[in-house]
Amino acid sequence: MKYLYLHGLGQTAESWNKVTRATEMADISVCLDLAEMVKGKAATYSNLYSTLSEMCNAEKEDIILCGLSL
């Protein structure tokens, strides 16, 4: 199982550092970076959603998606 952490706008993937350290699950956690996810594309909801969907669908194991307030 993998935990995917998604930050809100105006935040960065590093926003999750304290959380992943506190839960001691850093080895099975991925802190996603919205800017990197849409690199080369407009940062629209549609582009973010489709990129995230593709990423999740490509996973070969169960995932848990965690998010900060958007």
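## Close-up views of a predicted model

**View 1. Cysteine 31 and the residues around it.** Leaving out residues up to four places away in sequence, cysteine 31 touches Tyr5, Ala13, Trp16 and Thr20. All of this comes from a predicted model, so keep that in mind as you look around. Cysteine 31 itself sits in strand 2. Is cysteine 31 buried or exposed? Neither label fits: with a relative accessible area of 27%, cysteine 31 is partly exposed, because that class covers values between 20% and 50%. Now pick out threonine 20: 11 residues separate it from cysteine 31 in sequence, and the two C-alpha atoms are 8.8 Å apart in space.

**View 2. Threonine 20 in helix 1.** Here we move over to threonine 20, which belongs to helix 1. Its relative accessible area is just 7%, so threonine 20 counts as buried, the cut-off being under 20%. Setting aside neighbours within four places in sequence, threonine 20 is in contact with Tyr5, Met25, Ala26, Ser29 and Cys31. What does the side chain of threonine 20 reach at 3.2 Å? It's the backbone oxygen of asparagine 17. Asparagine 17 is in helix 1 too, but asparagine 17 is partly exposed, at 31% relative accessibility. From asparagine 17 to tyrosine 5 you'd count 12 residues in sequence and 10 Å in space, C-alpha to C-alpha.

**View 3. Strand, helix, strand.** Zoom out a bit and follow the chain through strand 1, helix 1 (residues 17-23) and strand 2: together they make a right-handed β-α-β unit. Strand 1 covers residues 2-6 and strand 2 covers residues 29-32. How many bridges join the two strands, and in which sense do they pair? There are four bridges, and the pairing is parallel. To see one of the partners, find leucine 6, which is matched with leucine 32 in strand 2.

**View 4. Lysine 2 meets glutamate 59.** Lysine 2 is part of strand 1. Its side chain and that of glutamate 59 form a salt bridge, at 3.3 Å from N to O. This pair ties together distant parts of the chain, 57 residues apart: lysine 2 is in strand 1, while glutamate 59 is in the loop between helix 3 (45-58) and strand 3 (63-67). Glutamate 59 is partly exposed, at 22% relative accessibility. Lysine 2 has plenty of other company: not counting neighbours within four places in sequence, its contacts include Ile28, Val30, Glu61 and Asp62.

**View 5. The other salt bridge.** The structure holds two salt bridges, and this view shows the one between the side chains of glutamate 36 and lysine 39, at 4.0 Å from N to O. Is lysine 39 buried or exposed? Lysine 39 counts as exposed, at 61% relative accessibility, because anything over 50% goes in that class.

**View 6. The largest nonpolar core.** Which residues make up the largest nonpolar core? There are eight of them: Leu4, Leu6, Leu32, Leu34, Met37, Val38, Leu48 and Leu52. Strand 1, helix 2 (34-37) and helix 3 each chip in with at least two residues of this core. Take a closer look at leucine 4, one of the core residues. Apart from residues up to four places away in sequence, leucine 4 touches Val30, Leu32, Met55, Cys56, Ile63, Ile64, Leu65 and Cys66.

Key
Residues are numbered from 1 along each chain as its sequence is written. This is a predicted model: local features need pLDDT of at least 70, side-chain atom pairs count only at pLDDT 80 or more; totals for chains, interfaces and linings use all residues. Side-chain values use heavy atoms; hydrogens and water are left out. Two strands pair if DSSP finds at least two bridges between them. A crossover is right-handed if, with the strands pointing away from the viewer, the path from the first strand over the helix to the second runs clockwise. Contact means heavy atoms within 4.5 Å. Buried means under 20% relative accessible area, exposed over 50%, partly exposed in between (1.4 Å probe, protein chains only). A nonpolar core is a set of buried Ala, Val, Leu, Ile, Met, Phe, Trp, Tyr and Cys residues joined through side-chain atoms within 4.5 Å. A polar contact is a pair of N or O atoms within 3.5 Å; within protein, one must be able to donate a hydrogen and the other to accept it, and residues adjacent in sequence count only if both atoms are side-chain atoms.
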